[in-house]
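Please read the following report alongside the sequence and the coordinates. It moves from the confidence of the model to the contact between chains, and then to individual helices and strands.

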Amino acid sequence: MSERGLQTLRGFYRNYIKKYYEDAHRAKAEKRPVAWVTSTFPIETLQAMDIFPVWPENFASVCAARQASVALCERAEKEGFSRDLCSYSRCVLGSMFGEEKDLPEGGLPKPDFLVTTTCACDTHLKWFQVASRMYKAPLFLLDVPYNISGADSNSLEKAHIEFYVSQLEELFSSLEKQTGTRLDKNKLRDTVALSNQTSELWMEIQDYRRNIPCPMDARDAFSAVFFMLCIPSAQLAVDFYTTLRNEVRERAKNKVGVIENEKFRLIWDNLPLWFNLKIFEYLNSLGAVVVAETFSHVWAGNLDPSKPFESLARKYLPNFANASVKRKIDMVLSLAKDFSVHGIILPANWGCRMMSIGETIVREVVYKKLGVPSLIIDVDSSDWRNYNEAQVKDRFETFFETLNRKQ
Amino acid sequence: MRALQWFRDCLTSIHDVARGWKSQGKPVIGWTCTYTPEEVIYAADVLPVMVVGDLGGTKLADAYMPSNSCSFARSCFNAALRGDYDYLDGFVESNSCDNRGKIFDMWAHYTRIPNIYFINTPHTNTAKAHEFFYEEVVKFKEWLENTLGKPIFDHDLKKAIEVYNTNRLLLKKVYDLRMKHPPLISGAEALEISLSSTMTPKEEHNELLTQLLNEIPSSSSLPKEGVRLLVSGSVMDNTELIKIIEAVGGSVVADDWCTGSRYFWNLVDEGDEPLRAIARRYLDKVPSSFMYSHEERFKHVVEMAKRYDVEAAIIFVLKFCDTHMFDAPLLRDELKALGLPVLYLEWEHSMSGIAGLKTRIEAFIEMVGGVK
């Protein structure tokens, strides 16, 4: 099945991820400013200030893929951090307590400062508070209102946008003080424009996955989303996605799919099992293909370079991680319709409240509205001790039997 | 002592006071987070009550809430599904933790309770956060006025502030009874008192506290002084664990619960415009662990440890309470730096695994007591 993977993604880890960590360590060695950052933080701000963004979450997924995460989680647990915490955070905290030479990609370069936001979860703030204390490095927080009405980027409350924008202004002045460099407004505009271009290409790629058969699988998507998440404002991202778009478009035109006879087209919610991306090949072997991940559909935003601050607010505030479950339901409903989906996989991540509570509502409402069933599975993104493969496979097989009967 | 007995009874039948209030034809609104500006509710002649759980298991809730969600939240939700809170005329939730944001959805979707409202609560207390939260409190007041069909006047708010501040000052006096050697009330009694405050009309509670303070000095049955302990954690809505500690030679003389000292430690400024003063009090109070200023809480705990002359501390972390799970090792280090022995325990709200906790608590108190 793996030969059905996209050419453009061959050697992705070696060519891009490994290189990204080499760049990060080089930036640190050259004394350029290095900041730790979390997802849903407006990364464009750092890129506009030439601050090298380091992504502990990405590092945790790298450790999981290299089967190194559990040993690191255990180190954090030994220091008193509960085993029920987010495995991303335990893995990275664990990496801070040990020898750097043991770590994948030489570990994370130490931060000069850290930035995070409440836009996804409490864990981001709490985890970074711990790191900030440990490294004696300042922590800047973008405090985000919760999107309780489940508004999309066009219907956000004015007060929420204003609160966000005013904090961006404060953030830039903190970053200026921290780095001793003034924000160049033109550079911000360019950065935002580049990010917008990356977003458009990424969404175009996703749209080709509506085709039957679907030309791109979840495994490739979860790798390729790296640029969207971590360095969207880079020519490298635009170039890579252009090549990827061309390949996916070509496949769609020639009706080349991940699998030939698609029995079940699926949506995959939340995170994958980074330590076991082969699960997607297993699904393929049962005639199933993941045609859309909610994760691939939350990082894009229409950014208007003439209104960078407001655009960033409208891009990040509606992220479903920061919203009433209505927001996720809306997204799943529209994906299910647009991508001709038969079933929805809702993985509940052991260390993540935000990704676990409310999934029963998603399942209920989506079934009521579209008759599309969902499967909730207990998993963990990086700690395989919270994952029972035999049980999960069993549940998949039962779920597909149900789908079969329906069809 | 009559007052102490009243507080104890209040906790054995937690809905009685609210039902009594309802029988006068007045509404009751439930809340779960101590960042809810209760004064605004009280000013409308509505009884605000903290929604709490019980030890009876969470069978109903488990059908909808996963086993890796906050066990306190699951217990509260279970009580709501069972109909225990059907008397509520409204329910207020906030985003003060990841569980809570989603609990709003759960209550709105699965329970019969009408008028579910959400207060957006910042995690910082900068000038801008204060401005944002003030507007949230204004909107909350307007929502209450619309829902109840009557205005809330400034003089109502001022009166509520006064009554609430009195309650806070009295609670502090009651807490200070534990500065004495031996402490004049037990830790379990102190928790009964602070918890009952979250579900009793404050004017009535103030009378009972005054009565208690008059009764105490004449008391001849003082509890025996054990190892003086500080306890810390998120929420503690029953006295089981404290009773275990005090049965094996501990005296709980100070706490850092959101249902204990953090509930009442700070006052509302009575000189300011009432709504502004209320909003300000909540964002500036001794912070909960979800706040950016979490180190202020560590300072509060350290001050309490000194003020109440404690010999050791127990940090209780409620299962799946992320913000406290991250803070616990840091707080442990702060307390150890004071030279205090610290025990760190994770507990399930349902008290499953209580036997193991009891053994560890007993060994810890024995160890500290032996050194003494």
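The paragraphs below describe a predicted model, beginning with its confidence values.

The predictor assigns the complex an ipTM of 0.96 and a pTM of 0.97. For chain B the mean pLDDT is 95, and 98% of the residues of chain B reach 70 or more. As a general caution, where pLDDT is low, the predicted coordinates should not be read in detail.

**The contact between the chains**

Chain B gives 40 residues to the contact and chain A gives 36 residues. On the side of chain B that touches chain A, the elements that supply two or more residues are α6 (98-110), α7 (127-148), α15 (322-337) and β8 (342-347) of chain B. Sorted by class, that side of chain B holds 20 nonpolar, 11 polar and 9 charged residues.

**Helix α14 of chain A**

Helix α14 of chain A comprises 14 residues (residues 325-338), and because a rise of 1.5 Å a residue predicts a span of 20 Å, the 20 Å between its end C-alpha atoms agrees with expectation. Among the buried residues of α14(A) are A:Val325, A:Ile329, A:Val332 and A:Ala336, and the charged residues A:Lys326, A:Arg327 and A:Lys328 also belong to the buried set. The cover over the buried residues of α14(A) includes β5 (264-268), β6 (288-293), β7 (343-349) and α15 (359-370) of chain A, together with α6 of chain B. Just after α14(A), A:Ser340 adopts a positive phi of about 45°.

**Strands of chain B**

In chain B, 4 strands form an open sheet in the order β2-β1-β3-β4, with parallel pairing. The edge strands are β2 (47-50) and β4 (116-119) of chain B, each of which pairs on one side only. Neighbouring strands of this sheet are turned against each other by 25° on average, direction ignored. Helix α6(B) lies across β3 (90-94) and β4 of chain B, and runs at about 155° to β3(B).

Two parallel strand pairs of chain B are set out here, each with a pair of residues that stand opposite one another.

| Strand pair | Bridges | Opposite residues |
|---|---|---|
| β1 (residues 28-31) and β2 of chain B | 4 bridges | B:Trp31 and B:Met50 |
| β5 (residues 227-232) and β6 of chain B | 6 bridges | B:Arg228 and B:Ser251 |

Is strand β6 (residues 250-256) of chain B mostly covered or mostly uncovered? Strand β6(B) is mostly covered, as 7 of its 7 residues are buried.

Notes:
Residues numbered from 1 in each chain as written. Chains lettered and ligands numbered in written order. Predicted model: local features only at pLDDT ≥ 70, side-chain atom pairs only at ≥ 80, totals over all residues. Contact = placed C-beta atoms within 7 Å. Expected span 1.5 Å × (residues − 1). Buried ≥ 20, exposed ≤ 12 C-beta atoms within 10 Å, placed from the backbone. pLDDT = per-residue confidence, 0-100. Pairing = 2+ DSSP bridges. Axes fitted to C-alpha atoms, helices over the stretch in contact; angles between N-to-C directions.
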